[in-house]
Amino acid sequence: MTSTTAAGVSSSPPSLTYLRPEVADLKQRLDCFVEEECIPAEEEHAAHLRERYGADRWTIQAVPPCVDRLKRRAQELGLWNLFIPPHLISKIPDPTLRPSIPGGLSYREYGILCESLGRSPYIAPEACNTSAPDTGNMEVLLEFGTPQQKRDFLLPLLRGEIRSTFLMTEPEVASSDPTNLQTKLLKRTKKARGGQHSSHGANDDDDDDDEYILTGRKWWSTGAMDPRCRMALVVARMEYDDDEGDGGDSDDEKQNDDDKERKHGAHTIVLVPMPQKGVILKRPLKLFGYDDAPSGHAEVVLDSIRLNSTHLISGEGSGFRVSQARLGPGRIHHCMRAIGMAARSLELMLQRAVERKTFGQYLWEHGGCQEMIADAVADLEAARLLTLNCAAAMDEHGGARFVREQVGMIKYAVPNLTYQVVDRAVQLFGGAGVSDDDHVLARFLCGLRSLRIADGPDAVHKRTVALRHLKAFHQKRMQSNL
């Protein structure tokens, strides 16, 4: 919508790709950092890990030296912790860890920078301390964490000293429906335990507190295998000890029973310090053959881990609210990094088209190749504008919960669009496109295919969008019949 100022000058909202001058300067620094330092370091990163096998790939020695070097360089350039949205900046305990842009970046502005980070997705995000799942976990701790949780875990994460993981998906159930989750957090009050001392895992400091016992099995837990991982956020269902006292009839006890009934089965997120007894890293998982060491993805067994109330995130039964606050911004980050991967793939595609010949002509001279390039350009632009439009809506309305339709749309549309771009590049490269020896295309293709599952399958997000439109249509038809 266009408006007119008092001086009669027409003004309108900035375009989706507009950046404030100071943010444009920041993006230029980031682009140079990614192109001149991160992408050239990819071979060094890969060579370091090629020399390690089996369990040696998950040791601190497996972390390539270039990672810490690039982290220091990113901090020098003011490229550190850029993901933190404006409404959370004041909650950062140490002001020196705030983004270099005063007041921070909007979701849309940071989304544009994420495209640059996505051009080197396995190095640049970690170098700038903007890797998943750390960013989402840091946002959770900023918004919902206690002072102790912030001191012990948030500050080391903001400094890039430790890594973290988020445990939600389970192997035994369809985890796209959260009500299926089977991991349990059993609450046992001191009264129910008879006041007896128990041997606790992370709960040794307070034997007078209520006790929580965490039991379950998770998988595709990104970052859990990382030797630097020091905390996990775990999604679990609440359960309560059947014997919580002598069955008195006081009003307080009746209220407690009502609260327990209301919260039973409700999702709760609990912070688990790592490593510790009871957290069993059963095995690393491979994604189309890639183990993504030294961070990777793990199957994790949670074997009766004893915790207390200091490990809860925002109290019992708050898991859904906390998860929604975490997932919306994270999807913007994922989608824009996917667009960065697709943009780099398109550039490789163009380079290949002007260098290789078949049947006496350069590839670009064939009509089929021109069509592939044109389709890739259109898909890339569509993905970019869909995501930036969603980010702008989040800026306008104050978060993802108010723009569920736009968030749902990019969750299924952008991975598909960017996958198609990379797939065309693979096709143009032929045998080299499916080899990871010389090009990044094969790994990009695998990563983008998995993105259609990582935050729930396409069908779930399409269902959300379709039902919202059907509801609006039915309401409109009913009104027209009045």
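This is a dialogue between a student and a tutor about how to read several features of a predicted model.

Student: Let us begin with helix packing: at what angle do helix α4 and helix α10 pack, and how far apart are their axes?

Tutor: In this predicted model, helix α4, residues 107-117, packs against helix α10, residues 367-397, at an angle of about 150 degrees, and their axes lie 7 Å apart. Angles over 145 degrees count as roughly antiparallel, and α4 and α10 are therefore roughly antiparallel to each other. On the α4 side the contact is made by Tyr107, Arg108, Gly111, Ile112 and Glu115, while α10 contributes Arg384, Leu388, Ala391, Ala392, Met394 and Asp395. Sorted by class, the contact of α4 with α10 has six nonpolar, one polar and four charged residues.

Student: Turning to the strands, which strands are joined to β5, and by how many bridges?

Tutor: Strand β5, residues 211-222, is joined by five bridges to strand β4, residues 184-188, and the two run antiparallel; in this pairing leucine 185 stands opposite leucine 214 of β5. Nine bridges join β5 to strand β9, residues 297-308, again in an antiparallel arrangement, and here lysine 218 has valine 300 of β9 as its bridge partner.

Student: How many bridges join β8 to β9, and which residue of β9 stands opposite arginine 283?

Tutor: Six bridges join β8 to β9, and these strands run antiparallel; the residue of β9 that stands opposite arginine 283 is glutamate 299.

Student: How should I read backbone geometry, and where are the cis peptide bonds that involve proline 275 and proline 294?

Tutor: As a general guide, most residues other than glycine have a negative phi, and most peptide bonds are trans. Here the peptide bond from methionine 274 to proline 275 is cis, with omega near -10 degrees, and proline 275 lies in the loop between β7, residues 267-273, and β8, residues 279-285. Another cis peptide bond joins alanine 293 and proline 294, with omega about 5 degrees, and proline 294 is found in the loop between β8 and β9.

Student: What is the phi of asparagine 81, and in which loop does this residue lie?

Tutor: Asparagine 81 has a positive phi of about 55 degrees although it is not a glycine, and its place is the loop between α2, residues 65-76, and α3, residues 86-89.

Student: Now to empty space: what is the volume of the second largest pocket, and which residues are the closest to its centre?

Tutor: The general idea is that rolling a probe the size of a water molecule over the atoms shows where empty space is left. The second largest pocket has a volume of about 780 Å³, and of the 26 residues that line this pocket, Glu42, Ala46, Arg50, Asp436 and Arg443 are the closest to its centre. The elements giving two or more residues to the lining are α1 (21-50), α9 (319-355) and α12 (441-454), and α1 gives the most, with six residues. By class, this lining has 10 nonpolar, four polar and 12 charged residues.

Student: How many cavities of 30 Å³ or more are found, and which residues line the largest cavity?

Tutor: A search of the whole structure finds three cavities of 30 Å³ or more, and the largest cavity has a volume of about 40 Å³. Lining the largest cavity are Lys71, Glu126, Asn129, Thr130, Ser131, Asp134, Gly160, Ile162 and Arg163, which divide into one nonpolar, four polar and four charged residues.

Conventions
Residues are numbered from 1 along each chain as its sequence is written. This is a predicted model: local features need pLDDT of at least 70, side-chain atom pairs count only at pLDDT 80 or more; totals for chains, interfaces and linings use all residues. Side-chain values use heavy atoms; hydrogens and water are left out. Axes are lines fitted to C-alpha atoms, for helices over the stretch in contact, and angles run from 0 to 180 degrees between N-to-C directions. Helices (H or I, at least four residues) and strands (E, at least two) are DSSP runs, numbered from the N terminus. Angles under 35 degrees count as roughly parallel, over 145 as roughly antiparallel, 65 to 115 as roughly perpendicular and the rest as oblique. Contact means heavy atoms within 4.5 Å. Ala, Val, Leu, Ile, Met, Phe, Trp, Tyr, Cys and Pro count as nonpolar, Asp, Glu, Lys and Arg as charged, and the others, Gly among them, as polar. Two strands pair if DSSP finds at least two bridges between them. On a 1 Å grid over the protein atoms alone, a cavity is a set of points where a 1.4 Å probe fits but cannot get out, and a pocket is an open set with protein on both sides within 12 Å along at least five of seven lines; lining residues have an atom within 4 Å of a point. Grid points are joined across faces, edges and corners, and a volume is the space filled by probe spheres set on the points.
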